[in-house]
Amino acid sequence: MGSPQDRIAELAKVNLPYSVHSCSSVTTKYYPSNVLINAPHDQASRWAGIYHPASASQPAPGPTEDRVGLASVSRSSEHEGRNWICLELDKVCLFRTITFGKFIKVHPCTVKAFAVYAGLTLQTMKLVHNGSLKSDTESETFEVGWREAGGDRLPVPVKFIKVIPLTAQVPNYNCSIWFLAFGGVSDHQIMRDIKETYLQAQQTRTILLTLKHLRDTKLFASFSTLLSALPSSVSFEHKLLTKLHSTLVIDGDLSGAEKLIGELSAEGLFDLYCQRETGKASWTQLQVPKNQPTPGKRGGHGMVVDSDPRGQATHPRSPSSSSSSSSSSSSQTRVYLFGGWDGTQNYADLWVYSPLTGSWREIRPPSNVQSSSLFQNYLPSSLNPSSLSDKSSSSATSSSVGLSTVNLDPAISSTALSPTPLNKSINSAPDSTPIHKSGSGKARLDRTWPKARSCHKLALDEETGWMYLLGRYEGHEGQSSMSNDKSRASKMHVDGDVEDDKESFMDIDGEAPKEAADQEERFGNDFWRFNVWNEEAGWECLSLDTASEGGPSLIYDHQMIVDSEKGALYIYGGACHASDTTDIHSGMFKYDIKSRSWTKLFGDSEQGLESRTGHSMIWNPTDRSLLIFGGLRIDTYLTDSWKYYPDTSTFECLTADYSAVSGPQPAFTPRANLDVGRDEIVVLSGLTRQSGPSKDSVVKSELWTCELKTGRWKKIGGNDRVGWGDSDDEATIGGYDDAGSGQTKNQFPSPRYAHQFVYDARSETFFLYGGNSGTSPDTRLDDFWQLEIIRCGRAQVEQKALLAIRKQRFIEICDSGPAMEALLFLQNQLHAVVSHDDRKESRMFQSLMSYLLSRPCGHASDESRNSWTESLEPPPEPIHKESEAELYRARTKVFRQILTLVSDTDLKEPTVDLVDLVEAGSPALVL
């Protein structure tokens with residue numbers, strides 16, 4: 001039957017009548033009452049507030065701790081400078097959908113990005129949806145959050161709805177809302193039960209807040225009476241936390257409190273914190289001996305990781321697994337790399353890296369496909385006279401660093417071979433070498449090995465070992481002569497070069513260039529797969545042109561993932577490259593692996609989700625959804641995030657602007673991976689759009705995590721020391737120290753984009769290779785990195801708790817005991833629980849010494865005491881022995897610090913204070 005909430009979710013939605021309650025402002029004739037009338041032919045039938053240009057640069061309202069569905073409590077200060085309209089439902093309902101009507105013609109003022117708040121009262125409205133409208137004339141309907149996140153996920157009754165237009169379809173235009181309609185549940189009996197359950201939950205929360213306040217104010221008798229009156233189904237806090245409060249705060253037994261920390265840990269109260277803790281980035285540059293081959297410098301390549309080379313693993317390691325098993329788990333891991341652009345040419349080479357041996361190995365084509373594949377990136381120098389000249393040899397050397405050689409003939413020594421671009425070797429090949437040529441005279445591929453490429457995508461099915469390859473960029477030849485004056489960002493693609501716009505594939509007279517005479521071949525979207533468990537079998541060509549079979553046309557800078565459970569590939573976004581389509585961006589396609597058939601799921605834009613290039617897309621097997629975010633649309637950096645559920649063809653906008661809620665800045669080619677065990681994504685940034693008036697693009701290496709359940713972003717390291725036009729400083733190419741992270745120099749990768757960043761779930765290890773440094777048009781990187789995110793275990797969390805207790809104990813000894821006792825305690829017990837490689841804890845430890853020296857009874861002079869405090873954090877405020885209330889508050893503060901290590905809110909007292917809620921609801925001060 002399912003839970004009551006699940007049954008409510010299945011109820012049919014009805015139209016919810018409403019009236020206009022209030023609005024921020026009104027523009028002449030565009031009255032708020034117009035949103036009640038759906039009159040798409042009437043240009044005046046809309047609401048528009050007074051235009052405030054400054055509001056366009058202000059961030060959208062962001063989330064706080066209390067969340068409903070997707071979002072959070074509304075703060076009045078968040079609405080300052082923005083227009084809004086507040087609607088009142090005729091009766092309390094369950095608000096489920098919002099519909100936006102539009103004008104009969106595409107209008108620049110139609111709202112684009114928007115936020116929706118809802119609640120039972122004006123003071124309790126919470127963010128329930130962030131979304132974006134398409135620039136068309138079709139009305140759009142969006143699902144909104146309707147139940148609380150976490151806990152019992154109770155449905156939230158709604159009386160008031162506030163809609164906040166954030167941006168118009170065209171920048172710097174005022175926002176207009178033409179028509180609004182709401183859908184949901186309004187049945188009297190159902191809503192009576194929902195409201196009663198909701199209000200009972202609110203009453204319980206009020207009682208818990210009161211209990212916390214009574215204990216904080218030392219009204220223990222009232223606290224005990226109210227606590228005993230709680231129903232058995234409601235718990236104020238875990239019994240061990242109650243015992244800790246009595247021992248630490250009431251009795252002041254700090255030694256006894258330390259013993260209880262071990263019991264809390266053993267009971268598992270710190271486990272959720274260990275899973276959610278941000279962690280520290282530990283980067284290691286993987287060095288390969290100089291005499292060993294490597295893929296060399298490149299960007300726009302494809303890369304995947306096979307965590308289980310023979311399908312032997314059953315599950316990824318759980319978050320609680322010890323890191324000691326990391327090396328053994330990764331011993332069978334393989335990293336595969338194909339193709340890329342080195343600044344002068346594309347490659348068609350396939351490489352595999354083994355962490356066990358610490359070496360790269362090139363997977364070479366079988367002898368029967370030499371002619372049709374190797375000419376795309378290699379030719380023996382002994383067969384190529386042009387490569388012996390000074391001019392050509394220098395070019396080959398600079399563009400092929402680290403590439404291994406390939407024997408086309410067993411009789412030719414490997415020492416006599418060197419990689420050479422196709423266009424310098426094809427005409428020098430001996431007559432005995434078969435070459436397939438098209439009418440344009442270019443080498444033509446057959447179905448044996450993919451041609452050289454960049455801006456493609458690889459995806460691995462770890463259930464079968466099949467690695468799929470799709471897409472490529474076809475604009476390198478003649479690029480400089482065809483490029484126009486469009487902005488650099490609008491012409492960027494992931495190999496790190498500036499792309500030609502769509503018109504650049506035609507000459508100025510509108511005729512196709514001679515090089516593209518064979519359109520079918522040049523713009524055919526060839527589709528390949530390679531079984532990494534059976535390398536000898538080579539590549540299998542699944543299609544020479546997927547567009548002719550119902551799939552995407554030739555695309556680049558797209559994303560592709562595998563759904564192993566149902567045997568499907570999903571391809572989304574990317575720039576369309578073929579000459580037979582008018583689309584600029586590609587939509588969402590599904591490839592059925594078993595039937596080898598294509599299905600187009602949706603086009604360029606669907607329900608507010610706009611197609612894009614250089615974005616991130618992740619498959620979440622837990623809820624069977626595609627998470628899509630970031631990227632570039634023409635010259636606009638995108639910061640929206642979406643979920644698409646292919647099984648039900650439904651969309652969910654998670655946020656219209658994650659950078660406004662403490663997330664990463666807008667970026668092109670952000671690389672993201674999913675940690676299923678922790679239910680979080682890890683993102684390494686790329687080409688980033690800076691905030692501020694200039695909006696310049698800067699290459700960054702920032703590492704972020706995002707909890708999918710809460711949508712909370714956290715930055716765990718990075719640097720941004722390279723931007724467009726910077727000099728090519730060799731010191732920046734290897735890596736940087738992340739200031740304040742405790743890492744040694746050159747242990748953080750240099751900024752880059754067009755890189756590849758993949759994740760080995762078994763060992764919880766990430767791998768980063770190559771990319772474009774952004775220092776010059778032809779500079780590509782060949783450094784290879786391994787990342788482990790070091791997270792707290794139980795022992796580390798216990799140490800944090802002990803540090804809080806011993807710090808308080810030290811301060812109390814300073815205020816009441818001999819100075820020597822305090823000094824010995826600082827040097828021994830306190831020193832033992834300080835992480836001295838953590839700058840914050842180290843500075844705190846130094847400030848405690850300053851506190852000891854600043855005591856009135858100390859023997860140090862004022863000048864000596866001042867010398868200790870320079871450049872240090874301020875020492876703690878002294879606690880007067882005669883102030884028991886101050887001592888109680890100080891110990892309560894320590895107790896609250898320990899509670900931050902208990903992440904399960906059901907096990908501890910409420911995080912907010914009753915006094916703060918009363919203060920928030922108080923009227924404003926007057927003269």
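1. In this predicted model, strand β40, which covers residues 756–760, is joined to strand β41 by five bridges, and the two strands run antiparallel. One pairing that can be picked out by eye is that of D760, whose bridge partner in β41 is T765. The hairpin formed by β40 and β41 has four residues between the strands, and within this hairpin E764 takes a positive phi near 55 degrees.

2. Strand β41 also has a partner in strand β42 (residues 780–790), to which it is joined by six bridges, again in an antiparallel arrangement. Here the residue to look for is L768, whose bridge partner in β42 is W785. How many of the eight residues of β41 are buried? Eight of the eight are buried, and the strand, which spans residues 765–772, can therefore be described as mostly covered, given that a residue is called buried when its relative accessible area is under 20%.

3. The largest nonpolar core of the model has 45 residues, and those with the most contacts inside it are L244, L248, I261, L264, F810, L830 and I898. Several helices each supply at least two residues of this core, among them α4 (239–250), α5 (254–266), α14 (819–830) and α17 (884–899). The helix that gives the most to this core is α13, with 10 residues. As background, in soluble globular proteins nonpolar side chains tend to be buried together.

4. L248 is a useful residue from which to explore this core, as one of those with the most contacts inside it. If neighbours within four places in sequence are left aside, L248 is in contact with D253, L254 and A257, and also with R891, V894, F895 and I898. A second core, separate from the one just described, has 25 residues and includes V35, L87, I98 and L180.

5. Helix α15 (839–853) is another of the helices that supply at least two residues of the largest core. The helix has 15 residues and reaches 21 Å from its first C-alpha to its last, close to the 21 Å expected at 1.5 Å a residue. Its buried residues include E841, M844, F845 and S847, as well as the run L848, M849, S850, Y851, L852 and L853. The N-terminal end of α15 is capped by D838, which has a side-chain oxygen lying 3.0 Å from the backbone nitrogen of K840.

6. The count of salt bridges comes to 38, and one of them is the meeting of the side chains of K159 and E88, at 3.8 Å from N to O. Why can this pair be said to tie together parts that are 71 residues apart in sequence? K159 lies in strand β9 (residues 158–165) whereas E88 lies in strand β5 (residues 85–101), so their salt bridge links those two parts of the chain. The partners are not covered to an equal degree, since K159 is buried with a relative accessible area of 16%, while E88, at 23% relative accessibility, counts as partly exposed.

7. A salt bridge also joins the side chains of R612 and D640, at 2.8 Å from N to O. R612 lies in the loop between β27 (609–610) and β28 (616–620), and D640 in the loop between β31 (636–637) and β32 (641–645), so this pair ties together parts that are 28 residues apart in sequence. Both R612 and D640 are buried. In a further salt bridge, the side chains of D623 and K643 meet at 2.6 Å from N to O; D623 is partly exposed, with a relative accessible area of 27%, whereas K643 counts as buried at 13%.

8. R215, D216, E237, R896 and E909 are linked in a network of salt bridges. Within this network, E237 has its place in the loop between α3 (220–228) and α4, and at 6% relative accessibility E237 counts as buried. A polar contact of 2.6 Å joins the side chains of E237 and R215. Not counting residues up to four places away in sequence, E237 touches R215, T242, F895, L907, K908 and E909.

9. Finally, A656 lies in the loop between β33 (650–655) and β34 (667–668) and is buried, with a relative accessible area of 15%. A656 and K112 are 544 residues apart in sequence, and their C-alpha atoms are 9.8 Å apart in space. With neighbours within four places in sequence left aside, the contacts of A656 are A113, N130, G131, T639 and D640.

How values were computed:
Residues are numbered from 1 along each chain as its sequence is written. This is a predicted model: local features need pLDDT of at least 70, side-chain atom pairs count only at pLDDT 80 or more; totals for chains, interfaces and linings use all residues. Side-chain values use heavy atoms; hydrogens and water are left out. A nonpolar core is a set of buried Ala, Val, Leu, Ile, Met, Phe, Trp, Tyr and Cys residues joined through side-chain atoms within 4.5 Å. Buried means under 20% relative accessible area, exposed over 50%, partly exposed in between (1.4 Å probe, protein chains only). Contact means heavy atoms within 4.5 Å. Two strands pair if DSSP finds at least two bridges between them. The expected span of a helix is 1.5 Å times one less than its number of residues. A polar contact is a pair of N or O atoms within 3.5 Å; within protein, one must be able to donate a hydrogen and the other to accept it, and residues adjacent in sequence count only if both atoms are side-chain atoms. A salt bridge is a side-chain nitrogen of Lys or Arg within 4 Å of a carboxyl oxygen of Asp or Glu.
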